[in-house]
Structures are given as C-alpha cells and as structure tokens.
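Me: I would like to go through the terms used for this structure and ask what each one rests on. Here it is.

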Amino acid sequence: MSEVLNALFLALLVILAGAAVRVRDLVGAVLILSAYGLTMSLVWAGMGAVDVAFTEAVVGAGASTVFFLATLLRTLPREQPRERRARPATLVGVLLLGGLLLLAIHEFPAWSDPASPASLHVSPRYLRDGYRETGAPNIVTAVLADYRAYDTLIETVVIFTAGVACWLLLPRRDP
Amino acid sequence: MTEFLAYAVERYTYWAYVALMLIGFYAMIAHGNLLKKLIGMNIFQTAIILFFLSISAKRGATLPIIPPEAGELVVAPPHFMNPLPHALMLTAIVVMVGTLGVALAVLIKIHRTYRTFEEDVILRQT
Amino acid sequence: MLLDHLPALLAVVPLVAALALPLAGAVRPRLVYPLAVGAGAVTAVLSLLTLERVLTRGVMRYHVGGWPPPWGIELVVDHLSAFVALTVSGLVALALLYAGPAVRSGTAGSPSPFFALALLYLASLMGIVVAGDLFNLFVFLEVASIASYALVASGGGRALMAAFRYILLGTVGASFYLLGVGHLYLLTGTLNMADLSQRLPELGASRVLLVAVGFLVIGLGIKMALVPLHGWLPDAYTYAPPAVTALIAPVTTKVAAYALARVLFSVLGAPAALAGIPLMSVLAWAGGAAILVGGVLAIRQNDLRRLLAYSSVSQVGYIALGIGLANRPALAGAYLHILNHAMMKGCLFFAAGAVAARLGGSALTDLRLMHRRMPVTTACIVVAALSMIGIPPAGGFFSKWYLLVGALEAGHTLLAGVIVGGGLLAAAYMFKVLEHACLARPDAAGHASDESPGGRAEAPAAMLIPLVALSVGIVAVGIWSAPIVSGVLWFAAAAGLE
C-alpha cells in the first residue's frame, strides 16, 4: 500500500514541477512551487528522512516561497512570460544530463537494499556508537552537530554570506 | 517489452528524480523568464536531494533515533536508516536557499534597472 | 601548539575577520579596510608557515573535532595544497590592499559588506584547498560561489545579467559536482578522499563510477571555465567592478583547477583507475582547445578587460592540458602555471583597474599614451606581458617550458605545438595592449599623436604597491623556478601519480 502511495506522490511531484515551469502567471508558478516543496517534504518523510522533510517544509516550501513572493511584490512584473525557445545547446545539455543519470541507474543496487555500500561503511558506527559518543539520541543530530560539525559551521557561514550579499546588493531605501 | 516494464517498475523511485532534474535543468537553461529560471533551479536542486535520499533508503528500517531508554542494548545498524545522507542534505537545502536568496536579490536589481524579467528584452537593452 | 592547527586556521582566520568586520564597521568605519588587509596578510603568513611545515615534516592531516576519518571531517595539506594556499592567500591579500581606493570612491559598494564578502571568499578558498572530504569541499565551494556572485553583481548595469548567468551556470556546476559525489557515495559509503582512493580501485570498472567521474569533471570544469563550459566568465570579469575582478580573476578558476586535480589524482587515482575511459586525453585536448579558442577571441577584443577575460580562458587551458597529460613535468608545469597565471593575470587586472580609475575607461583606446601618464603601471603591464608570452626570465616561460617537456614526453607533438601556438596568440593580444599603451597613435578625434591628454596620473599607492609587488614576483618566480619546482612542485606532481 505504501508503495502505491509513494508512487502517487512521486507522480504528483513531477506534475507539480512541470506545472510550475509551464504556468504563465508568475505568482501562480511560485505557489505551485510551494506545493511542490510541500509534496517533496512528504515524500521524504515517507522515506524516513524526517529531519530533511521538515527542513524542506520550512525552508524549501516556506522560506523560499516567501522570498519569491517578496521579490514579486517588490517588482510587480506586468507582463506574462512568453514561450521559450530551445537552442541546440540546451537539448545537448539535457540529453547529456539525462543520459548520465540513466546510465548510472542501470547499475544501482536494488532500492533500499540494507547491504548497499552506503549502509555498510561509515554509517554503522554513527548508529551503533552515536548516542554513546555524542549524547544525542537523534543520530542525524549527532552527525550534524558533532561528527561533521565543521560542515554545519560552514553551512551557517553560507547563510551569513548570503545575508551579507543581500546587504551589499540591496539598498535599505528604494531609490 | 515485459522485461522493460519489469525493469522500469523495479526502479520506479529513481525515475522521479531523473524527470525532476531534467525539468528543472531545462527550465533553468531554456526558459526566457528569469524568475522561471530560478524556479527551475529550485526544482533541479531539490531533485538532487531526492537522488541522495533515494540511494540511501533502507527497507524496513526505522528512524535513526536511539531512545535513551535503550541503555546498554546493542544497536543493530540494519534496523535504522542511514543518517549520513540526511545530515548532508540538510546542509544542501541550506546552501540551496542561500543561493536562491542571492539570486533573487540580483533579480530585484535587474528589475529595477530593466523593468522586466524577460531575458531577450534585457539583452536587447544592453 | 597553535601551529598544529594551521590547516584549520587558514580558513578560520579570515572567517573570524569576516564576522568581525560588520561589527567593527558599525563602531568605527575606518577600521574596516585595515582589518581586511590585515586579515589577508595574516592568512598569507599562515599559509607560508604551512608550506614550510609541509616541506620539513611532510603531509599534514588534521581531524576536525578529533573524530577520525572517515567518520569525521579531515583536512589534508600536502605540497600541492600548501602551494596553492600560499598563491591564493598572497594574491587575495594584495587584492584587498588594492581594493582600498575603489571602495573609498564608492565604485565597489560600501566597505563593510564588500570586505566581509572578500574575506569570506578568501576563507572559503582556503577551505577548498585544505579539504580532505568531498562534501566539505562542496560546502566551501558554495560559500565561494555565493560571495563571488554578489561581488560581481555589485557592479550594477550589465554586471547584473552577467552575475545572473554566472549564478545559473555556477549552480549547475556545483550541482553536478554534488551529483558526482553522490554517485561515489553510492558506490563506497564514504566521503573522505583518502578512504575513497583506497576503496575505488577494488570496485573495478563500473558504469556508476564512469557517471560519477563525468559529473565531477563537468561540474568542476564549469567552475574553472574550461572550454566549452566557460560561458559565464567573459561577461562576469568584464562588467564586475574592477576591484572585484582583481580579487576573483586571479584565483577563482585556479582553485577549481586545483579541486579537479585533487579529485582526479588523490581520489580517483587517475589515470590508472580510469581504465578504458580516455578522460585524461579529453581533458588535455579540451585544454588545447581552450588555449586556442581563448587566444583567438582575445585578439579580437577592443576592451581591455574583456581581452584579459578571454586570455584567462586561454590560460586555464594550459593548466587543464598539464593535468590531462598527467606526467610529472606536465603536472609541475600546470601547477607552476597556477602561480604564474595568478600573478600575471592579477598584475594585468590590477593595471586595468588603475587605468579605469585614472584614465576613465577600459576600452583599449583609453590606454592611449598611458606610458607617459602612468609609467610605473605601464612597466608592470610590460612585465606581465612578457610572462604571458613566455619570455624568460619572466615566470610564464618556465611553466610553459615544463608543459612542453611533459607534452613531448607523452608523445603529443600536436599538443606541444598548441602550447607554442598559444604563446604566439598571447604575443598577438599583448602586443595589441602594449601598442595602445606605449606607441603614439592619433585618437578618434584626430589629435596630434604626441599630445598626451592631461599630466601625470599614476595609480594611487594602494594600487601601485600590489602592482609592483606582483611584477617583481613574476620575475622572481621566473628566476627561482627551478628550486620551486624541485623543492615543492615535483613532490606535488608525484603525489597523484602513484
């Protein structure tokens, strides 16, 4: 049953993504993107990645939508986007990307195999010893805040950098 | 034909991220409206996150939270999800929104200067 | 011992300075510039100490937080890392000093965010150079990217579309890199470079590995602006404020090239593990194509900065060519070129900014008779031009020499010809620049050619000092090429080939 639900959600994702790209009204497209983000977070929650799911719900579906809408409200674009034109380089790029991805999928281990290399190396220690070594029952927290805390530090630096970037680019007063 | 269908169904969870990545990538490169390009960018990046989570899924496993009451019980890794990609993808989402924020700031400035989001109109003005 | 923490300090010092800058700026605005330059200088000194340590004690491995790899994040500093770190921090320190007049005159945005972003940029480049973990590299790569997107966009006007295009292409590049890392993770379960290098050979030929390599190379290729993935570079370097181009042009593509070399050699164990895939040949030929395409396009430009931008595309080709040839002399040449190009292109972009500030524009015609008005700047351009063309004792000659030796050793006489051809192309476009700068020519309004408009207008000291320092450095590196190669780069080149 959950497999069917999973498949339905994935199909919904693709439909929403296509719609967000094709809808001509920009505000509508942004709101569809928001729905896409929410559906994505449901898919991830269904896969067991709850931390990632609620981060996406807050950041992807929530904050990103707010940023988009804020941009649209500040700029109030009048015209609707026109149809796009495909240059040959675009098709080459798309084919290349799709080709590489599909080529790899052919040799993937079966989905959700508990004996895949990713499940056998590195992560078992996090699970086995994580609570004992770090004191965090949530092992994702243990990884983020302890084992790989350096990454998390730089992740906050990313936000800081983006903030300073906006400070540089956007004047406090509209000219 | 039936072999191909069986093949396709067996790997159905992967087709989703391929489709999404291609939709997002195409929108980023081919669409003429700058805001739509950013929407495409968002879709492209979330598709990559879906990829990471798809390849690290584990059948029958539960959330990687070890309840404190477990005490001295030995934790069997195969029963728990792989926490590493989750942590990485949290960072990736943050990076994604950081880039989006800067891109939107640039977009606001572009609109102030050129009064449009259409790429070809802007290029004609420069 | 503080020195034990050098690998981490290289990124942390500029990071802390970047965090302190806005606070300092709010309290005492005049502190911002000295603080920024000071942080750059301290980082450069630290990287010098790091290089010295690596030379005397060997490779440094640092486990962040005490967690052993592959469970924790590892920082690795070997000969190549230390060399690139010193190059980058030195160039950025000079660029920070150089940016003073531009920031003061308001052409580069307000001081606090500009210098904060510049220091964040430096911190992230240092982070990339010492990274021993593929995902850690990605996060630092994104910090560097975001900082440079914003810095480029601060130019306003045409810089905005250039920055937007840069954002799109840069995100594709970083995302491809992440996809590559993901496929490698799928195969091995680890992100640590040393761990991967041990596990990948056991897997043998695998389509997933092939795809991972493809994504990594394309992603980093975009970041280093390797033809045909260079589309973002010309506009970004041309329209960004001169102080920004001076900051990012010497180092952005080099760090990406370093990352490519690091991934190819220290992780993938090329060329051995990539059996059956002519990846290194493709890379070498792409480099050759870049040399020619960039050079030809540079000759056709009438704007100094755009000319230099295409020249950068061309020069990155030399580095890619060396990496693709993958033998010791070629790699030594490629790595030496990282230093040489950073210095000579830095010198040229610094000069271009000085010209824009003093003579009012960046079209080649604006250089008219600059040798009378800005003699020192002109002399620096001449030195850099000698290096670009490859005339000893300027450094550029030596990196091309090693590349030539490497190409011939590998039996690629055609590529050797391309290297020589590139030098001729560089001669053509540098002569174009020097012709405008030094030879008398009537201007568009037909004024007599020996009237120089206005009097002496040499660049301000803050711009002149880095210019002169780089010119001297170009020659010094040229003269000392042999010890640099035998003492540092020979080991750096060997490290990947075992």
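Me: To start with the interface, how many residues do chain A and chain C each bring to their contact?

Reply: Chain A brings 35 residues and chain C brings 53 residues. The model is a predicted one.

Me: What buried area goes with the contact of chain A and chain C?

Reply: The two chains bury about 3900 Å² between them, and 77% of that is on carbon and sulfur atoms. On the side of chain A, His121(A), Tyr150(A) and Leu168(A) supply 18% of the area buried against chain C, more than any other three residues.

Me: Why is Ser112(C) called buried?

Reply: Buried means under 20% relative accessible area. Ser112(C) has 11% relative accessibility, so it counts as buried. This serine is in helix H4 (residues 111-130) of chain C. Leaving aside neighbours within four places in sequence, Ser112(C) is in contact with Trp167(A), and also with Leu21(C), Pro22(C), Gly25(C) and Val32(C).

Me: Why is Leu69(A) called partly exposed?

Reply: Partly exposed lies between the cut-offs of 20% and 50%. Leu69(A) is at 25% relative accessibility and therefore counts as partly exposed. Its place is in helix H3 (residues 50-75) of chain A. Beyond its neighbours within four places in sequence, Leu69(A) is in contact with Val27(A), Val30(A) and Leu31(A). Leu69(A) and Val30(A) are 39 residues apart in sequence, with a C-alpha to C-alpha distance of 7.3 Å.

Me: What makes H8(A) roughly parallel to H4(B)?

Reply: Helix H8 (residues 149-169) of chain A and helix H4 (residues 83-114) of chain B pack at an angle of about 5 degrees, their axes 9 Å apart. Angles under 35 degrees count as roughly parallel, so H8(A) is roughly parallel to H4(B). The residues of this contact divide into 14 nonpolar, 3 polar and 3 charged. Among those that meet are Val158(A), Ile159(A) and Ala162(A) in H8(A), and Val94(B), Gly98(B) and Val102(B) in H4(B).

Me: How do you know that S1(C) and S2(C) pair?

Reply: Two strands pair if there are at least two bridges between them. S1(C) and strand S2 (residues 74-77) of chain C have 4 bridges, in the antiparallel sense. Arg61(C) stands opposite Val76(C) in S2(C).

Me: Which residues of S1(C) are on the covered face, and which on the uncovered one?

Reply: Met60(C) and Tyr62(C) are on the covered face of strand S1 (residues 60-63), whereas Arg61(C) and His63(C) are on the uncovered one. In a regular strand, side chains alternate between the two faces of the sheet.

Me: What is unusual to note about the backbone of Val122(A), and is this residue buried or exposed?

Reply: Val122(A) has a positive phi of about 70 degrees although it is not a glycine. It is in the loop between helix H5 (117-120) and helix H6 (123-134) of chain A. Val122(A) has a relative accessible area of 4%, so it is buried, the cut-off being under 20%.

Me: Why does Ala326(C) count as buried?

Reply: Ala326(C) is at 12% relative accessibility and so counts as buried. It has a positive phi of about 55 degrees although it is not a glycine, and is found in the loop between helix H13 (304-325) and helix H14 (328-359) of chain C.

Me: What makes the peptide bond from Val227(C) to Pro228(C) cis?

Reply: Its omega is near 0 degrees. Pro228(C) lies in the loop between helix H8 (207-223) and helix H9 (233-239) of chain C.

Methods. Residues numbered from 1 in each chain as written. Chains lettered and ligands numbered in written order. Predicted model: local features only at pLDDT ≥ 70, side-chain atom pairs only at ≥ 80, totals over all residues. Heavy atoms only, no water. Buried < 20%, exposed > 50% of the residue type's maximum accessible area, 1.4 Å probe, protein only. Helix = DSSP H or I, 4+ residues; strand = E, 2+ residues; numbered from the N terminus. Axes fitted to C-alpha atoms, helices over the stretch in contact; angles between N-to-C directions. Parallel < 35°, antiparallel > 145°, perpendicular 65-115°, else oblique. Contact = heavy atoms within 4.5 Å. Nonpolar A, V, L, I, M, F, W, Y, C, P; charged D, E, K, R; others polar. Buried area = accessible area lost by both parts, 1.4 Å probe.
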